[in-house]
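Welcome! Here are some short exercises to work through with the model open beside you. Try each task before you read its solution.

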Amino acid sequence: MKTLKRFFNNSSLLQKLLLMFLTVTITPLIFITVFFYDRTEQRLLELTYENMYSSNQQISSNVNAHLDNLYQISSMIYTNETLQAYLTQNYTNDYSIFEAYRYIDGLLYNLMTANNNLASITLYVHNTTLPEDGLFLKHITHENLPLQYLSQLQQTYGNNMFSNIVQDKKGKNIIYLGRTLNFNTQNQPYGMVTIGIYEELLYRLIEKEEQNKSVYLLNEKNQIISATDKSLLNLSFSEAVGPELSADKEVVTINGDSNLLVYNTMYHGWKTVSLTPIDEIMRSSRQTAMQIVVIAIFSLVLSILMIIVIAKYLSLRLRKLNRQAAQVELGNFTLLPADPSRDEIGQLSSAFNQMSTQLKDMIDKLYIKELAKRDAELYAWQSQINPHFLYNTLSGISSLAIQKGNVEVSEIVNRLARFYQTSLNMGRQYITLEKEITLTKHYFAIQHMRFDDSFMEHWEVDESLLTHETLKLLLQPFVENAINHAIYDNHTCLNITIRVYQSVHVDAPALILEVEDDGCGMSSKQVETLLSSESKAGYGIKNVHERVQLAYGQNYGVTIHSQEGLGTKITVILPLQQDIE
């Protein structure tokens with residue numbers, strides 16, 4: 001997998017385009033061809049099955065019509081009481097025999113005339129006083145009826161039964177419907193009737209449906225009673241053809257070839273069976289599949305040639321752009337020739353030229369100036385008093401003041417030294433809230449020495465929050481602003497209240513710092529400009545606001561509420577940080 005990935009990454013754009021095209025083209029093409037060929041085969045099998053089943057239904061309907069006719073004739077003879085009387089009467093003279101012949105022959109002759117598809121109607125009787133007429137009437141003997149068929153008829157107890165295929169004296173195949181004639185009241189047989197129908201008549205019903213398939217007509221014992229090959233008559237279907245009839249539809253193998261077998265059963269027990277070779281069904285679909293493959297191969301070759309031409313054209317333009325990018329990397333900002341195309345590569349070339357121009361201008365105009373500015377700022381910073389040096393110097397002044405007996409100077413210097421010591425915080429940006437309050441108290445002490453009793457501070461602090469961390473120097477700029485700007489000229493004592501408590505802001509715990517005074521207040525215009533970038537008077541306040549937003553995001557920061565003559569309240573909103581251990 002890694003080797004393949006490395007090969008792909010190191011291949012040229014032309015090779016990648018060809019590889020991707022072949023992947024996204026051949027794979028779907030093969031899938032679609034196989035899918036549609038498989039679906040076509042399945043659909044052809046379904047359609048062929050439906051046609052075969054419909055054909056079988058039609059054959060069965062026609063055969064049923066003929067069989068029903070035989071059943072009706074059998075029932076008519078079975079229930080004819082006059083015929084029963086003539087066949088069971090004891091004859092003693094020729095006149096009575098003649099009367100019996102005239103009725104029997106007339107009845108059966110009319111039935112034969114009305115049903116010209118019948119091969120024969122024959123009555124067999126035990127009554128020896130009624131001689132055979134040589135046409136319709138015969139005695140029950142082994143010569144006239146085979147023993148096996150006679151035995152089978154005697155076991156039907158008056159029900160209809162078909163015989164196997166029998167050849168008559170002319171060599172024609174006939175199938176007989178036989179029935180025992182009984183006395184209705186005594187259920188005693190007095191004779192038998194057979195009605196013959198030509199197999200040729202049945203074959204004509206299936207012959208017209210044999211188009212690219214073989215059709216067989218089976219009796220209730222699955223013996224073939226009609227087919228194209230007459231040598232199969234009276235053989236069982238499994239013996240003559242091969243497969244067992246186990247399902248309504250199945251693909252069976254006969255002599256090594258697959259065939260679709262469809263059969264349906266009539267209510268008399270007979271069956272119509274159709275067999276169609278699968279190769280015959282699939283011949284048209286395979287021709288279509290070959291046409292699709294030929295077209296697909298032609299399309300693939302043509303597409304490959306086209307993608308090679310297009311890929312070479314695209315890669316040539318991209319190689320020019322790549323070479324120019326390498327020149328820019330080396331500091332050569334020579335522009336590419338203008339690309340007149342408006343496609344993505346043309347737009348990329350135009351954008352690259354613009355980028356090169358802007359980059360060169362930026363280096364010439366901004367980068368060099370920025371370096372000069374940084375050098376000047378560094379020099380200015382180095383020129384300032386080092387805070388650590390200042391802290392050490394203040395400690396020295398405090399010691400000297402104590403030696404000289406000047407306690408007030410020593411105290412104010414000590415307060416200033418502790419203020420710087422806490423604010424430095426070893427260079428760290430965050431301190432505990434307790435240290436922030438201590439730092440502010442040092443600042444208050446220094447200012448009390450300067451302004452005497454001009455102001456008073458009040459503290460409202462939730463001591464459970466003292467261990468939480470915060471940015472340093474958040475309170476001092478606001479206290480300084482209140483002392484310097486909020487005191488009235490009439491020497492009224494200024495009250496400064498500092499509150500520290502927990503609240504909820506933007507659905508999260510928040511730390512709230514408030515500095516409120518009852519001084520002269522500010523106008524709304526002064527409040528609007530105090531946190532603006534143009535403000536110079538409130539630089540410390542603006543600095544706190546910017547530091548809070550840089551540290552915690554735009555949802556936090558400083559808000560100012562003030563009214564002239566009533567005072568000002570500064571609120572600093574911070575997220576509630578974890579305790580510092």
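## Exercise 1: A hairpin and its sheet

Task: find which residue takes a positive phi in the hairpin of β14 and β15.

Solution. In this hairpin, two residues sit between the strands, and Val506 has a positive phi near 45 degrees. Before going on, note that this is a predicted model, where local features need pLDDT of at least 70, side-chain atom pairs count only at pLDDT 80 or more, and totals for chains, interfaces and linings use all residues. Residues are numbered from 1 along each chain as its sequence is written, and side-chain values use heavy atoms, with hydrogens and water left out.

Step 1: look at the two strands. β14 covers residues 494–505 and β15 covers residues 508–517; they run antiparallel and are joined by 10 bridges. Strands here are DSSP runs (E, at least two residues), and helices are runs of H or I with at least four residues, both numbered from the N terminus. Two strands pair if DSSP finds at least two bridges between them.

Step 2: pick out partners. Gln502 is bridged to Leu511 in β15, and Thr497 is bridged to Glu516.

Step 3: turn to the other neighbour of β14. Strand β12 (residues 455–461) runs parallel to β14, with seven bridges between them. Here His458 has Thr497 as its bridge partner.

## Exercise 2: The whole sheet

Task: work out in what order the five strands of the open sheet stand.

Solution. Step 1: read across the sheet. The order is β12-β14-β15-β17-β16, with mixed pairing.

Step 2: check the edges. β12 and β16 (557–563) each have a single partner strand, so one side of each has no neighbour in the sheet. On average, neighbouring strands are turned by 15 degrees against each other, direction ignored. Axes are lines fitted to C-alpha atoms (for helices over the stretch in contact), and angles run from 0 to 180 degrees between N-to-C directions.

Step 3: add the helices. Helix α12 (residues 433–451) lies across β12, β14 and β15, at about 170 degrees to β12. Helix α13 (residues 476–485) lies across β12, β14, β15, β16 and β17 (567–575), at about 150 degrees to β14.

## Exercise 3: A shared arginine

Task: find which residues are joined with Arg499 into one network of salt bridges.

Solution. Step 1: start with Glu460. Its side chain meets that of Arg499 in a salt bridge of 3.1 Å, N to O (a side-chain nitrogen of Lys or Arg within 4 Å of a carboxyl oxygen of Asp or Glu). Arg499 belongs to β14 and Glu460 to β12, so this pair ties together parts 39 residues apart in sequence. Glu460 is partly exposed, at 43% relative accessible area. Buried means under 20%, exposed over 50%, and partly exposed in between (1.4 Å probe, protein chains only).

Step 2: move to Glu514. The closest N and O atoms of Glu514 and Arg499 are 3.2 Å apart in their salt bridge. Glu514 lies in β15 and Arg499 in β14, so parts 15 residues apart in sequence are tied together. Glu514 is buried, with a relative accessible area of 7%.

Step 3: put the network together. Salt bridges with shared partners join Glu460, Arg499, Glu514 and Glu516.

## Exercise 4: Two cores

Task: find how many residues the largest nonpolar core has, and which touch the most other members.

Solution. Step 1: the core has 59 residues, and Ile77, Leu87, Ile121, Leu123, Tyr216, Phe237 and Trp270 touch the most other members. Such a core is a set of buried Ala, Val, Leu, Ile, Met, Phe, Trp, Tyr and Cys residues joined through side-chain atoms within 4.5 Å. Helix α4 (residues 94–114) gives the largest share of this core, eight residues.

Step 2: zoom in on Ile77. Beyond its neighbours within four places in sequence, Ile77 is in contact (heavy atoms within 4.5 Å) with Leu83, Leu108, Leu111, Ile121, Leu123, Leu181 and Val193.

Step 3: look elsewhere. A second, separate core has 38 residues, including Phe478, Ile496, Leu513 and Val558.
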